[in-house]
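Trainee: Could you take me through one helix of this protein up close, and then show me how the rest fits around it?

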Amino acid sequence: ANPTLPPPSKTLIPTVLIAPAKGWPDGAKPMPAEGTSVSAFATGLDHPRWIYVLPNGDVLVAEASAPPQPENNKGLKGWIMKKLTGKAGAGVPSANRITLLRDADGDGVAEVRSVFLEDLNSPFGMALIGIDSRTIYVNRAYEAMLGFAPDERLGRESEEAIFVDDRAAVALRFAQVNDGEVEEVRIECRMNHKDGYPLWVLLSAALLRSDTTGRPLYSIVQIINIDRQKHTEAALAESESRWNFALESAGQGVWDHDIRNNGMFYSRMWRKMRGIPEDEQVDSSEEKWMARLHPDDVQRVRSVIRQQDRGDDGYDSIEYRERHRDGHYIWVLSRGKPVAWDADGVPLRTVGTDTDITRLKHAEAELAEEKERLRVTLQSIGDGVISTDAGERVSFMNAIAEAMTGWRETEAKGRPLS
């Protein structure tokens, strides 16, 4: 309850105490909250540090330790390297790779493991920045990431390394740390590569304070290259923007059904065609949806969506009526099919589009009414009337024409006129 702490000692550079890395003993695992359970997603990784979950659920894990320390690990630079890496479990060979893990059957365990990238030469850059903002130390990964020769950054202003458009944001975050508002900086920003182009990094930084005065003395900075990820995200965003524009221009709303977790996503156009605000939470339960359908369509729609979710052929589209928020019914053409399955072939996710076909349905009804009026008119006039298609095959005969020719309409339909 009252541990005995060692007396403070005044030093030029404060003591850095980093908790030693220690893995879970065999068979041990975290204590879960009541009603939950914990299982290992993957084991046997070499010094895993960072993870990133891709949109499809795959997991990327960075496996890396510190770069090899110089043989003459002496002086300030050697001391800093030893302090920053020794107790963090970095005294082991570095895998220097990113591993892809995939849970193919959704059971919470990664069955698929493959090397996504390798020979990365320790992708974590480290730097020590003095209170005067000048660079005291950088590791080789930092220099290689930004294209600098060994020790080329030493003594230079740290601000120079930040891309000019991002300097204000980074400075603001560092000011919050200096003022004690937050414990550390964690921000995505661009840094200047020596070749003249900006490089996206994830920058993390924390202050080392004096043991006696509590004043900041140094900043420890770590950077991770996320340039490829940011460019991929930008390309995906641009692609998504194009598809969204195309779908919305065509008046099509998108829905995405996560069958396993019973979750639903609805696009802006899907909401707009039903009069639902963009920021409104939509109850995605089947019963709530069925309550919005026209009573005559409920049973038919229930049957089709069961077959859609099973992936049965021939059930990828359905027409039905759904009540608009204003109270009237709209006709919807819904197309959808499974896009993800588990190891047994059971669909896990169904994606589709909805199109408002109300005008088309009204036009079809008007055309059918006009066709019926014409049929009644032709049947009631005193002249014989025979109608043909473009190939001069009989498509209609009224009663007078039947009496005059001796042919019934059902017999003559489809036959050539001559």
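Mentor: Let's go straight to helix H7, which has 13 residues and reaches 19 Å from its first C-alpha to its last, close to the 18 Å expected at 1.5 Å a residue. That expected span is 1.5 Å times one less than the number of residues. Helices here are DSSP runs of H or I with at least four residues, strands are runs of E with at least two, and both are numbered from the N terminus. Before going on, keep in mind that this is a predicted model: local features need pLDDT of at least 70, side-chain atom pairs count only at pLDDT 80 or more, and totals for chains, interfaces and linings use all residues. Residues are numbered from 1 along each chain as its sequence is written, and side-chain values use heavy atoms, with hydrogens and water left out.

Which residues of H7 are buried? They are Val298, Val301, Arg302, Val304, Ile305, Gln307 and Gln308. Buried means under 20% relative accessible area, exposed means over 50%, and partly exposed is in between, using a 1.4 Å probe and protein chains only. The cover over those residues includes strand E10 (252-258), H6, E12 and strand E13 (329-341).

Pick out Gln307, which sits in helix H7 (residues 298-310). Its relative accessible area is 14%, so Gln307 counts as buried. Setting aside neighbours within four places in sequence, Gln307 is in contact with Asp312 and Tyr315, where contact means heavy atoms within 4.5 Å.

Two of the elements that cover H7, namely H6 and E12, also share an aromatic pair. Rings of Phe, Tyr and Trp (its six-membered ring) pair if their centres lie within 6.5 Å; planes under 30 degrees apart are stacked, over 60 edge-to-face, and the rest tilted. By that rule there are 2 aromatic pairs. In one of them, Tyr266 and Trp270 are stacked, at 3.9 Å centre to centre with 20 degrees between the planes. Tyr266 and Trp270 are both buried. As for Trp289 and Tyr320, their ring centres are 5.8 Å apart and their planes stand at 80 degrees, so that pair is edge-to-face. It links distant parts of the chain, with Trp289 in helix H6 (residues 286-292) and Tyr320 in strand E12 (residues 317-323), 31 residues apart. Trp289 and Tyr320 are buried too.

Now to E13, another part of the cover on H7. Val339 belongs to strand E13, and Val339 is partly exposed because its relative accessible area is 43%. Val339 and Val351 are 12 residues apart in sequence, yet 6.7 Å apart in space, C-alpha to C-alpha. Beyond its neighbours within four places, Val339 is in contact with Arg349 and Val351.

Charges over rings turn up as well; the rule asks for NZ of Lys or CZ of Arg within 6 Å of the ring centre and within 35 degrees of the ring normal. Lys361 lies over the face of Trp331, at 4.6 Å from the ring centre. Arg153 does likewise over Phe148, at 5.6 Å.

Close in sequence to Arg153 is a backbone oddity: Asp151 has a positive phi of about 65 degrees although it is not a glycine. Asp151 is found in the loop between helix H2 (140-146) and H3, and at 39% relative accessibility it counts as partly exposed. Helix H3 (residues 167-178) has 12 residues and reaches 16 Å from first C-alpha to last, close to the 16 Å expected. Just after H3, Gly180 takes a positive phi of about 80 degrees.

Stepping back, the protein chain has 10 helices and 16 strands, and 32% of its 418 residues are buried. How far can you trust the picture? The chain averages a pLDDT of 82, with 87% of the residues at 70 or above; pLDDT is the predictor's confidence in each residue, from 0 to 100. Confidence is highest in E12, at 93, and lowest in helix H1 (residues 75-86), at a mean of 52. Over residues 86-90, pLDDT stays under 50, and the model has 19 contacts for them beyond four places in sequence.
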